[in-house]
Amino acid sequence: MSAPPVPLGVNLSFCVKRWATPALWARLVREEIGLSLVQLTFDLVDPAWPDALLDGVAREIRVEAARHGLTLHSAFVGLAHYSFNQLLHPDPRVRDVAEAWLARAYRFAGQAGIPRVGGPLGAIASRPDGQEADAIPQADYRDLIARMHRLAEAGAAAGLTELYVEPTPLRREWPWTVAQAARMAGDVAGAALPWRYCLDWGHGTCEPLYGAGAGMEPWFSGLGDRVGMVHIQQTDFRLDRHWDFTRPGRVDPGAAIALQRRHGLAAAPVFLEVFYPFEQDDASVLDGVRRSAALLREACA
């Protein structure tokens with residue numbers, strides 16, 4: 001008897017500054033790319049927009065998703081918000097703003113019928129001498145955990161079911177190791193909503209940080225069922241490339257999905273997450289996403 005397919009979806013990162021409205025991206029995902037599982041990016045919707053506008057966009061997302069038979073799995077913070085230091089900014093006033101921004105993101109997701117929200121949490125400031133510490137200060141970590149507990153309460157109030165942390169390959173962010181992620185999971189256990197992990201193939205394989213032979217297996221084995229989803233793309237294990245699979249690289253889709261299965265994570269959905277230069281023409285972007293989805297669909301089956 002054959003194993004059930006690994007769920008495959010697409011993050012809407014490729015739509016940014018292109019297919020910007022639900023009416024555009026919903027048809028594209030279903031009819032051109034041939035997928036039905038969607039992860040929204042908050043690069044398409046800013047939770048800081050006025051409530052009346054957000055309420056209208058949430059309705060549009062629900063309508064278009066239903067019209068095209070899409071499942072709205074989750075929403076991630078996107079590149080725009082990620083460019084800030086967020087919940088680890090050295091100024092507590094900025095952390096407060098970032099926490100409020102996430103609470104508004106949860107509110108919007110709940111209204112749009114999106115049950116999960118996640119992304120990286122933040123970055124501490126760099127040191128003047130350019131040397132990077134092996135850990136963030138304990139006071140910053142304790143503050144981060146307290147904010148995660150409050151955010152879980154906000155997410156529950158918004159009707160969400162789960163919140164997600166995406167580990168990144170930066171020493172200034174948290175967590176960037178399996179051990180740190182396991183510790184964090186323990187420190188937020190019992191929160192109003194479960195915090196789980198989204199692992200990214202461009203993050204866990206970063207050899208400049210983790211050394212030669214870096215890979216995803218330690219993350220899968222070390223975090224187990226605390227992993228709820230995976231981001232996949234092509235990369236060279238040198239930087240977080242987020243290429244599509246029309247480019248050569250070191251990620252083999254079949255081997256990647258097989259590894260996930262071996263660690264008992266076949267039920268965790270895999271999302272194609274690719275970024276393109278804004279200057280690139282739309283036709284080649286769509287072709288790259290379409291061809292990458294086809295390769296992944298075969299691997300996931």
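In the predicted model, Arg-171 has a relative accessible area of 24% and is therefore classed as partly exposed. The side chain of Arg-171 forms a salt bridge with that of Asp-134, with an N-to-O distance of 2.7 Å. Arg-171 belongs to the loop between β5 (162–165) and α6 (178–187), whereas Asp-134 belongs to the loop between β4 (116–119) and α5 (138–157), so the pair ties together parts that lie 37 residues apart in sequence. Asp-134 itself is exposed, at a relative accessible area of 55%.

The count of salt bridges comes to 26. Asp-51 and Arg-104 form one of these, their closest N and O atoms being 2.7 Å apart. This pair links distant parts of the chain, since Asp-51 is located in helix α2 (residues 51–67) and Arg-104 in helix α4 (residues 92–112), 53 residues apart. Both partners are partly exposed: the relative accessibility is 35% for Asp-51 and 28% for Arg-104. A further salt bridge joins the side chains of Asp-129 and Arg-127, with an N-to-O distance of 3.2 Å. Here, too, each partner is partly exposed, with a relative accessible area of 47% for Asp-129 and 42% for Arg-127. In addition, salt bridges connect Arg-95, Asp-96, Glu-99, Asp-140, Asp-143, Arg-147 and Arg-150 into a network.

Asp-244, in the loop between β7 and α10 (253–262), presents another situation. Asp-244 is buried but has no salt bridge, and the nearest side chain of opposite charge, that of Arg-247, is 6.4 Å away. The absence of a salt bridge follows from the 4 Å limit placed on the separation of a side-chain nitrogen and a carboxyl oxygen. The side chain of Asp-244 does, however, make a polar contact of 2.4 Å with the side chain of Thr-246. Beyond its neighbours within four places in sequence, Asp-244 is in contact with Gln-234, Val-274, Tyr-276, Gly-288, Val-289 and Ser-292.

Strand β6 (residues 195–200) has 5 of its 6 residues buried and is therefore largely enclosed by the rest of the structure. On one side of the pairing pattern, β5 and β6 are joined in the parallel sense over 3 bridges, and Leu-163 has Trp-195 of β6 as its bridge partner. Together with α6, these two strands make a right-handed β-α-β unit. Strand β6 also pairs in the parallel sense with strand β7 (residues 227–232), in this case over 4 bridges. Within that pairing, Tyr-197 stands opposite Val-227 in β7.

Leu-40 is part of strand β2 (residues 37–41). Its relative accessibility is 3%, and Leu-40 is therefore counted as buried, the cut-off for this class being under 20%. When residues up to four places away in sequence are set aside, Leu-40 touches Asn-11, Leu-12, Trp-25, Val-45, Ile-61, Ser-74, Ala-75, Phe-76, Phe-108 and Ile-114. For one of these partners, Asn-11, the C-alpha atom is separated from that of Leu-40 by 6.0 Å, although the two residues are 29 residues apart along the chain.

Technical notes
Residues numbered from 1 in each chain as written. Predicted model: local features only at pLDDT ≥ 70, side-chain atom pairs only at ≥ 80, totals over all residues. Heavy atoms only, no water. Buried < 20%, exposed > 50% of the residue type's maximum accessible area, 1.4 Å probe, protein only. Contact = heavy atoms within 4.5 Å. Pairing = 2+ DSSP bridges. Right-handed = clockwise from strand over helix to strand, strands pointing away. Lys, Arg positive; Asp, Glu negative; His and termini not counted. Polar contact = N/O pair within 3.5 Å; in protein donor to acceptor, adjacent residues only side chain to side chain.
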